[in-house]
Amino acid sequence: MGYYIAEEYWGRGIMIDAVKQICEYVFSKSDIIRIYAEPFAYNAASCRVLEKAEFHYEGTLKNNAVKNGKVVDMKMCSLLKKI
């Protein structure tokens, strides 16, 4: 899962609600049982969105991406369908 919201809308809980709603929709309308996201480890706000949307931290993916010419870590977070 990936997401982006314009800075003028940060801090309003909009993205948390959007992530929750899309996950509920995907789980109810498909046979998908696991949704995952890989936010940049330094992006505390994005990690907090996932935490508030009930995703679970699974671990850190070391040197997993290049962002603006720098090698960065990413976190692995997932939400499992309640069966």
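User: Exposed means over 50% relative accessible area, and buried means under 20%. With those cut-offs in this predicted model, which residues of H1 are buried?

Analyst: Happy to start there! Helix H1 covers 14-29 and has 16 residues. Its buried residues fall within an arc of 105 degrees seen down the helix axis, so they line one face of H1. The residues in question are Met15, Ile16, Val19, Cys23 and Phe27.

User: And which residues are exposed on the other side of H1?

Analyst: An α-helix has 3.6 residues a turn, so residues three or four places apart point the same way. The buried residues of H1 line one face, and what covers them includes S1, H2 and S3. On the other side, the exposed residues are Gln21, Glu24, Ser28 and Lys29.

User: How far does H1 reach from its first C-alpha to its last?

Analyst: H1 has 16 residues, and the expected rise is 1.5 Å a residue. The computed reach comes out close to the expected span, and both are given as 22 Å.

User: Which element gives the most to the largest nonpolar core?

Analyst: That core has 14 residues, and Val19, Cys23 and Phe55 have the most contacts inside it. H1, S1 (34-37), H2 (44-52) and S3 (70-80) each supply at least two of its residues. With five residues, the element that gives the most is H1.

User: In what order do the three strands of the open sheet lie?

Analyst: Strands of a sheet pair through backbone hydrogen bonds, either parallel or antiparallel. Here the pairing is antiparallel, with four bridges joining S1 to S3 and eight joining S2 to S3. S1 and S2 (56-67) are the edge strands, each pairing on one side only, and the twist averages 25 degrees from one strand to the next. The order is S1-S3-S2.

User: Which residue in S3 is the bridge partner of Tyr36?

Analyst: S1 and S3 run antiparallel, and Ala37 has Cys77 as its bridge partner in S3. On the S2 side, Tyr57 is also partnered with Cys77, while His56 stands opposite Ser78. For Tyr36, the bridge partner in S3 is Ser78.

User: At about what angle to S1 does H1 run?

Analyst: H1 lies across both S1 and S3, and these two strands are among the elements that cover its buried residues. Relative to S1, the angle is about 150 degrees.

User: What residues is Phe55 in contact with, leaving aside its neighbours within four places in sequence?

Analyst: Phe55 is one of the residues with the most contacts inside the largest nonpolar core. Its partners include Val19 and Cys23, which are also buried residues of H1. In full, they are Met1, Val19, Cys23, Ile35, Tyr36, Ala37, Leu50, Cys77, Ser78 and Leu79.

User: Which residue in the turn of the S2 and S3 hairpin has a positive phi?

Analyst: S2 and S3 are joined by eight bridges and run antiparallel. The hairpin they form has two residues between the strands. The residue with a positive phi, of about 50 degrees, is Asn68.

User: Last one: how far apart are the C-alpha atoms of Lys67 and Cys77?

Analyst: Lys67 is placed in strand S2 and is partly exposed, with a relative accessible area of 34%. Not counting residues up to four places away in sequence, Lys67 touches Phe40, Tyr42 and Val72. Lys67 and Cys77 are ten residues apart along the chain, and their C-alpha atoms are separated by 19 Å.

Technical notes: Residues are numbered from 1 along each chain as its sequence is written. This is a predicted model: local features need pLDDT of at least 70, side-chain atom pairs count only at pLDDT 80 or more; totals for chains, interfaces and linings use all residues. Side-chain values use heavy atoms; hydrogens and water are left out. A nonpolar core is a set of buried Ala, Val, Leu, Ile, Met, Phe, Trp, Tyr and Cys residues joined through side-chain atoms within 4.5 Å. Buried means under 20% relative accessible area, exposed over 50%, partly exposed in between (1.4 Å probe, protein chains only). Contact means heavy atoms within 4.5 Å. The expected span of a helix is 1.5 Å times one less than its number of residues. The arc is that of the directions from the helix axis to the C-beta atoms. Two strands pair if DSSP finds at least two bridges between them. Axes are lines fitted to C-alpha atoms, for helices over the stretch in contact, and angles run from 0 to 180 degrees between N-to-C directions.
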